[in-house]
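Thanks for making the time this morning. I would like to walk through one model with you, beginning with a single residue and working outwards from there.

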Amino acid sequence: MSAIAFPPVDAAIVARRPEIIAGLAKLVEPAGLITSEAELRAYETDGLTAYRRMPLAVVLPATTEEVSRVMAFCHANGVKVVPRGAGTSLAGGAIAHEDAIIIGISRMSRVIEIDYPNRCMRVEAGITNLAITAAVSPDGFFYAPDPSSQLACTIAGNIGMNSGGAHCLKYGVTTNNLLGVKLVLIDGTVVEIGGGALDSAGLDLLGLIVGSEGQLGVVTEATVRIIRTPEAVQPVLFGFDTSEDAGRCVAAIIESGIIPVAIEFMDKPAIEICEAYAKAGYPLDVGALLIVEVEGLPTDIAAQLAKIVEIARLHDVRVVRESQSAMEAALIWKGRKSAFGATGRIADYICMDGTVPTSQLSYVLKRTGEIVESYGLRVANVFHAGDGNMHPLIMYDINDPDEQRKAEDAGNDILRLCVEVGGCLTGEHGVGIEKRDLMHHQFSEADLAQQMRIRAVFDRGWLLNPAKVFPLESRHLETV
Amino acid sequence: MGHVFTPQSESEAADVIRGLTAPVSIRGSSTRSGFGRHVEADDVLSTRGLDGIVFYEPAEMMMSVHAGTPVSLVEQTLEEKGQMLPFEPGDHRRLYGTNGEPTFGAVAAANISGPRRIQAGAARDSIVGLRFVNGRGEIIKSGGRVMKNVTGLDLVKLYCGSYGSLGILTEITFKVLPRPERVWTLVLDGLGDSEAIKALTAAMGSPFEISGAAHLPAHGGAPSRTLLRLEGMAASVRDRMTALQTFLADPAPSRVVDGEETISLWRDVRDGAFVAMPSGNAVWRVSVKPTDGPTLIAALSNAPPERYLFDWSGGLVWLSMPITGDAGAAAIRAALTGLGGHATLIRAPDDIRRSVDVFQPLPEALMKIAAGLKHSSDPRRLFNPGIMYPGI
């Protein structure tokens with residue numbers, strides 16, 4: 001049934017399972033080693049639940065030293081390692097296989113240091129995204145990238161996937177908000193890259209680590225940029241007859257010189273699904289909806305909103321709702337934030353993540369609808385319009401293998417379309433296994449070979465998260 | 001000087017590289033040719049033939065240029081549409097005493113980023129896509145023309161700031177920003193280093209969106225000046241300036257400067273103008289935690305800089321050092337041992353750049369990775385060999 005292949009399992013490693021487990025048991029506390037089938041079951045998949053593979057064992061280290069010992073052991077014994085944060089990856093980035101162990105760093109979740117004068121904070125990498133902000137919000141600061149899964153996902157996973165969120169239009173994604181990491185290399189060596197200063201010495205290894213999907217090392221600590229919370233934040237909700245009108249309005253807002261903190265888009269199916277679930281009071285007689293959020297001093301907000309509303313009126317806006325209170329603002333966001341959960345209530349879905357130039361939004365939306373319809377399936381679109389990061393939710397029945405295949409095929413067609421119009425396969429979820437075999441559509445053989453040669457500098461033996469990112473049939477290119 | 005190759009297109013550049021039998025020094029307009037370690041190459045590969053804007057989409061806030069495109073053309077084209085480069089790259093002609101038109105390829109290759117970095121990030125943060133030719137003569141692309149892009153390894157970041165040691169950049173795609181309607185600078189007079197950095201870091205932790213934070217210490221009888229820049233819509237800048245002044249609670253006599261005065265002030269900070277003279281001195285850039293800026297200066301009391309200034313709210317220290325001995329290398333690096341951060345020698349006579357570590361020495365494990373990355377991209381060591389580290 002599985003359309004996505006895994007590399008062949010190394011039978012010699014599987015045969016040595018008892019010996020490997022005994023070796024690991026000497027390296028970590030008993031609480032940090034999971035080997036029973038019942039407990040391993042919790043680690044057999046991640047957010048890409050259609051794919052399940054049992055790991056050989058799961059190690060949950062409590063310290064960088066433990067991670068280092070486990071990595072050195074695996075390196076010496078040829079055991080594959082799949083790093084895992086909270087396991088929320090929608091791309092299958094944290095799915096292991098029978099000849100691999102998982103190193104889960106969720107037990108390493110302390111705040112190490114908060115440094116307000118230098119606007120940075122050092123944390124253990126298993127801390128959740130939201131817990132970082134929670135640690136500094138009483139003092140009026142926050143950590144900017146805010147992926148939808150921020151309650152559960154870890155900063156380690158965010159670094160692996162270069163996660164974004166709704167507010168990156170203004171504040172950037174993980175790579176723009178990270179100052180340093182402690183990284184354990186495959187042979188167990190621990191390196192510090194960057195720190196409290198704005199840049200690190202030598203080549204920009206930090207930039208290379210971010211988004212590398214756990215293939216270059218295991219991140220155990222991170223130094224992140226924290227930002228002062230704005231005085232006030234205010235969203236406005238716009239309803240349009242068509243997605244095209246909404247798309248043109250997005251382009252006009254950006255061209256006008258205003259940079260809102262967020263521009264979120266929902267199409268008609270998404271509005272209906274979210275409204276039925278969240279009762280946010282969204283208009284149901286419109287074809288598309290935008291949530292535009294601005295921030296600053298209160299007087300500043302009023303001026304920005306006036307300009308944005310004026311632009312929306314020039315683009316045939318049908319409904320304008322400005323929030324008059326914090327409660328109304330929360331309500332506007334409530335529907336959007338519940339989109340994935342609300343969709344999950346009515347159907348299984350796969351969430352795509354292609355990114356397109358904002359000028360192509362209307363066209364890609366139209367084609368997305370046509371593509372999914374041609375497979376006899378339904379789609380809801382809810383995404384970050386300001387940066388062109390689309391999230392079509394293709395709904396299907398997970399128990400129907402034929403529907404699953406159709407949903408995956410439709411998703412692949414959409415991603416190919418994104419690349420054709422100048423975009424890319426993934427904006428913030430990563431490649432994982434999900435989009436691995438589409439990499440040829442975005443990259444030439446030479447591009448992939450160069451990336452793999454760089455990968456090999458860190459992991460010559462393909463031990464770290466080996467089934468991910470690079471098409472299996474291309475791997476010989478590395479040595480060409 | 002040996003032969004100068006000037007390919008007129010990306011594919012011609014790839015042909016040239018495949019045919020190389022000896023290493024090359026990679027040049028744009030050579031306005032910063034006094035930078036880096038001594039490059040072990042007689043021949044030159046110039047990017048000047050790779051000239052022009054590939055596309056500019058104001059509504060997407062996105063531009064793409066060939067590597068040899070003058071920075072001035074980029075800035076002028078953006079200005080016509082009310083936009084600008086977010087990262088405010090420096091023009092180092094005054095610092096190096098050079099002529100010619102700085103090119104965009106150099107800005108990307110050296111990750112050249114000015115005062116606005118504290119708010120808008122460095123060049124590497126705005127650059128979203130690259131095309132380059134590797135040492136095998138293959139044309140490689142990474143990233144794209146969209147802000148969010150995590151498809152495969154992010155080679156964009158790695159190749160930005162690799163000083164031409166990994167490949168020849170041919171095309172650079174980057175995000176731009178709207179030009180502010182108003183730019184105002186709050187100038188605080190007469191603060192000492194520690195008080196000044198305290199004011200700057202406090203302001204950076206305020207919600208008033210500071211886009212520049214620098215301190216120019218007293219020099220030659222002129223009192224010190226501490227600078228805080230606000231940019232944006234006119235009314236917003238006015239309101240934030242009032243709020244900022246109240247927030248800082250008047251640590252010193254202050255005034256607001258605007259117009260040409262504020263623009264030239266930040267241009268001087270950006271370009272290292274305050275440490276350009278005397279031209280015979282060595283110039284260092286030291287990257288530290290902002291609050292460590294004054295600590296660094298205090299630690300150099302036995303080998304004090306002749307002039308210095310702080311940008312990035314204290315996180316970037318420019319030092320003008322006499323060229324006696326190692327031009328302060330040992331003293332500066334010793335001062336950094338307890339602090340973290342790193343020092344780069346950005347201007348010095350040839351003999352000093354041959355004898356001291358221009359870039360901060362790396363721990364063994366990181367040096368091994370750097371050497372591996374060089375080999376992975378430029379196995380024949382054709383590009384700027386030795387510019388960052390010996391053997392790389």
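Let me start with Val191(A), which, if we leave aside its neighbours within four places in sequence, is in contact with Leu183(A) and Leu185(A) as well as with Pro363(B), Ala365(B) and Leu366(B). Please keep in mind throughout that this is a predicted model. Val191(A) sits in strand β9 of chain A, which runs over residues 190-194, and its C-alpha atom is separated by 8.3 Å from that of Val181(A), ten residues apart from it along the chain. Is Val191(A) buried, exposed or something in between? It has 18 other C-beta atoms within 10 Å, and because a residue needs 20 or more to be called buried, Val191(A) is classed as partly exposed.

From that residue let me move to the contact between the chains, to which chain A gives 74 residues and chain B gives 68 residues. On the side of chain A that touches chain B, the elements that give two or more residues are α8 (205-209), α9 (243-255), α11 (298-314), α16 (439-442) and α17 (445-458), and of these α17(A) gives the most, with nine residues. In composition, that side of chain A divides into 32 nonpolar, 30 polar and twelve charged residues.

I would now like to look at one of those elements, α11(A), in more detail. Its 17 residues should span 24 Å at 1.5 Å a residue, and the end C-alpha atoms are 25 Å apart, which agrees. Which residues of α11(A) are buried? They are Asp300(A), Ile301(A), Gln304(A), Leu305(A), Ile308(A), Ile311(A) and Ala312(A), and, seen down the helix axis, the buried residues of α11(A) fall within an arc of 120 degrees, so they line one face of the helix. As a general reminder, an α-helix has 3.6 residues a turn, so residues three or four places apart point the same way. On the other side of α11(A), we find Ala306(A), Glu310(A), Arg313(A) and Leu314(A) exposed.

What do the buried residues of α11(A) pack against? Within chain A the partners are β12 (232-240), α9, β14 (288-296) and β15 (319-322), and together with these comes α9 (234-248) of chain B. After the helix comes Asp316(A), whose phi is positive, near 60 degrees.

Finally, a word on domains: the assignment for chain A gives domain 1 (11-104), domain 2 (111-228), domain 3 (233-339), domain 4 (347-436) and domain 5 (443-479). Taken over C-alpha atoms, the centres of domain 3 and domain 5 of chain A are separated by 42 Å.

Terms used. Residues numbered from 1 in each chain as written. Chains lettered and ligands numbered in written order. Predicted model: local features only at pLDDT ≥ 70, side-chain atom pairs only at ≥ 80, totals over all residues. Contact = placed C-beta atoms within 7 Å. Helix = DSSP H or I, 4+ residues; strand = E, 2+ residues; numbered from the N terminus. Nonpolar A, V, L, I, M, F, W, Y, C, P; charged D, E, K, R; others polar. Domains from an automatic or database assignment. Expected span 1.5 Å × (residues − 1). Buried ≥ 20, exposed ≤ 12 C-beta atoms within 10 Å, placed from the backbone. Arc of directions from axis to C-beta.
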